[in-house]
Structures are given as structure tokens and as C-alpha cells.
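Please open the model in your viewer and keep a selection tool at hand. The tour below goes from stop to stop, saying at each one what to select and what is there.

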Amino acid sequence: MSDTPKGAPRRRIDVWEQTAIATLLGLMTLITFINVVLRYGFNSGFIWGLEATLILFAWLVIFGVSHAFRVTAHLGVDAATSFLPAGPKRAVALLSAAVCIFYALLMLKGAWDYWAPFAGFQVTTGRWFPTGFDASTRDRAFYITEQIPMPWFLEFLAGWINQGEEWEKLPRFIPYFILPLGISLLLLRLGQATREILAGSRESLIVSHEAEDAVESVAALNRES
């Protein structure tokens with residue numbers, strides 16, 4: 001992709017997303033490795049290691065959902081659409097993209113409403129789409145994780161969110177932030193994929209011909225034997 005003024009922001013997002021995925025995977029591996037060494041070598045370990053690894057894995061999965069749309073890695077069934085002419089096939093792909101965007105918008109509202117109280121914000125009103133903010137939202141900024149210690153470099157957040165009261169453990173709004181962030185990134189990727197389908201540079205949201213390739217591979221092995 002060329003570094004044109006139009007393409008540069010997208011390239012930066014791609015690099016940031018890939019770096020985040022690699023960093024999360026690396027941290028999971030590092031924490032698990034150190035814990036294993038400490039447990040079997042020194043009869044010790046990080047009591048917060050398992051919880052941290054679970055949180056990092058959740059972040060990795062949600063980042064992976066949007067990244068899979070970026071690189072067209074989601075599996076799907078195209079047994080019917082593969083027989084369609086180019087025009088109807090594109091129409092079906094656009095319909096699928098519209099349904100995915102609609103569902104992602106619903107998920108974004110739910111993600112915000114779940115995360116907002118833990119960050120001291122208000123949930124939205126409205127059943128399907130936001131119509132305003134609920135002033136009676138219960139503040140849950142004091143909720144903390146079970147075992148993960150509070151990093152010293154994040155202590156300034158207490159004055160912003162928790163009315164100056166310091167947390168003993170990592171506040172839950174930090175790990176839960178992946179919900180609105182991940183769904184927002186998913187919407188961005190779906191929008192990019194839809195634009196590529198309209199431009200004709202992409203056929204669908206899923207990997208095509210997975211089953212066909214597998215059948216051909218098996219047939220080739222049978223012929224060789």
C-alpha cells in the first residue's frame with residue numbers, strides 16, 4: 001500500500017493493530033514462561049499471572065476479530081455464492097457487510113454500556129441505538145481486578161476517574177476497555193471491507209474456496225497413491 005496522504009492513516013492503523021497483537025501474544029508468553037520457571041525452579045510465582053494472561057488473551061481475541069476482517073481471514077461458506085455471476089455476487093457480499101455493520105453497531109452500544117460505569121461514565125438510553133445518556137448510572141469506578149497490582153505509572157487515573165481515591169489493584173475499566181475499543185476497530189474494518197467490495201478489489205468478507213481447496217488436495221493425494 002502506498003504511503004499517500006489518503007493511505008498513510010490506514011497504514012498507521014494496520015501497523016498499530018499488528019504491533020498490539022504481537023505485543024499481547026509476547027506478554028502472554030513471557031508471563032507464562034516466567035511463572036513456570038518460578039514455580040518449578042523456586043517454588044514461587046506471580047499470583048496475578050493467570051488473571052493477567054486471561055485478560056491479555058481476551059484482548060488478543062478481540063483484536064484478532066478486526067484484524068481477520070482486514071486480511072480476509074474469517075472462514076465462511078460460499079458454496080452458493082460461488083456460482084453467482086459477478087454482479088449478484090457483489091450484491092450478496094454488500095448485503096452481508098451491511099448486516100455485519102448493523103450487528104456491530106448494536107454490539108458497540110452494548111460494549112459502551114457495559115464499560116462506561118466502570119470508567120465513571122453514563123450508559124446510553126434507548127433499546128437498540130443510543131438516544132441519550134442515563135444520569136442515574138451507578139458509578140463502578142472503584143471496582144478492581146482480583147489480583148493484578150496497580151502499576152505506578154497509571155496511578156494518575158485515580159484523580160480523573162475515582163475521585164482521587166487510589167486503587168489497591170488494577171481497576172476493571174482498564175481491561176474492560178477492549179470492549180468499546182475492539183468493536184470500534186471492528187466497525188472500521190467492516191467499513192474498509194465494504195468500500196473495497198464496492199471498488200471491486202475484494203469479493204467478500206470471508207476466505208473463499210477453503211472446502212474446494214481441501215477436496216482438491218485430498219484428490220491429489222489419492223491420485224498419487
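The stops that follow cover the overall fold, the pocket, the salt bridges, a surface patch and some single residues.

**Before selecting anything**

This is a predicted model, in which local features need pLDDT of at least 70 and side-chain atom pairs count only at pLDDT 80 or more, while totals for chains, interfaces and linings use all residues. Residues are numbered from 1 along each chain as its sequence is written, and side-chain values use heavy atoms, with hydrogens and water left out.

**The whole chain**

Start with a cartoon of the protein chain, which contains seven helices and four strands; these are DSSP runs numbered from the N terminus, helices being H or I with at least four residues and strands being E with at least two. Following the sequence, you should meet the elements in the pattern α-α-α-β-β-β-α-β-α-α-α. If you colour by burial, 32% of the 225 residues count as buried, where buried means under 20% relative accessible area, exposed over 50%, and partly exposed in between (1.4 Å probe, protein chains only).

**The largest pocket**

Next, select Leu27, Leu56, Pro151, Leu170 and Ile174, which are the closest to the centre of the largest pocket among the 25 residues that line it. The volume of this pocket is about 710 Å³. A pocket here is an open set of points on a 1 Å grid over the protein atoms alone, where a 1.4 Å probe fits, with protein on both sides within 12 Å along at least five of seven lines, and lining residues have an atom within 4 Å of a point. Grid points are joined across faces, edges and corners, and the volume is the space filled by probe spheres set on the points.

Now show the elements that give two or more residues to this lining, namely α1 (8–42), α2 (49–70), β3 (144–149) and α5 (173–176); of the contributors, α1 gives the most, with eight residues. Colouring the lining by class gives 24 nonpolar residues, one polar and no charged ones, with Ala, Val, Leu, Ile, Met, Phe, Trp, Tyr, Cys and Pro taken as nonpolar, Asp, Glu, Lys and Arg as charged, and the others, Gly among them, as polar.

**Salt bridges**

How many salt bridges does a search of the whole structure find? The search finds seven, each being a side-chain nitrogen of Lys or Arg within 4 Å of a carboxyl oxygen of Asp or Glu.

Select arginine 70 and aspartate 14, whose side chains meet in a salt bridge at 3.2 Å, N to O. The pair links distant parts of the chain, since arginine 70 sits in helix α2 and aspartate 14 in helix α1, 56 residues apart. Arginine 70 is partly exposed at 22% relative accessibility, whereas aspartate 14 is buried, with a relative accessible area of 8%. Add Glu17 and Arg189 to the selection, and you have a network of salt bridges that links them with Asp14 and Arg70.

Move on to lysine 109 and aspartate 113, which form a salt bridge at 3.1 Å, N to O. These two are four residues apart in helix α3 (residues 86–115), so about one helical turn separates them. Lysine 109 counts as buried because its relative accessibility is 9%. In a further salt bridge, arginine 202 pairs with glutamate 196, with 3.3 Å between the closest N and O atoms, and both residues are buried.

**A nonpolar patch**

Switch to a surface view and select Phe102, Leu105, Trp128 and Phe129, which make a nonpolar surface patch of about 400 Å². Such patches consist of residues with over 30% relative accessible area and no salt bridge, nonpolar side chains (Val, Leu, Ile, Met, Phe, Trp, Tyr) being joined within 5 Å; accessible areas come from the Shrake-Rupley method with a 1.4 Å probe, and for residues only the protein chains shown count as cover. Within this patch, phenylalanine 129 lies in the loop between β1 (124–125) and β2 (132–133).

**Two loop residues with positive phi**

Most residues other than glycine have a negative phi. Select threonine 72, in the loop between α2 and α3, where phi is positive at about 55 degrees although the residue is not a glycine. Then select glutamine 163, in the loop between α4 and β4, which also has a positive phi of about 55 degrees and is exposed, with a relative accessible area of 77%.

Methods: Patch = residues over 30% accessible without salt bridge, like charges linked within 9 Å, V, L, I, M, F, W, Y side chains within 5 Å.
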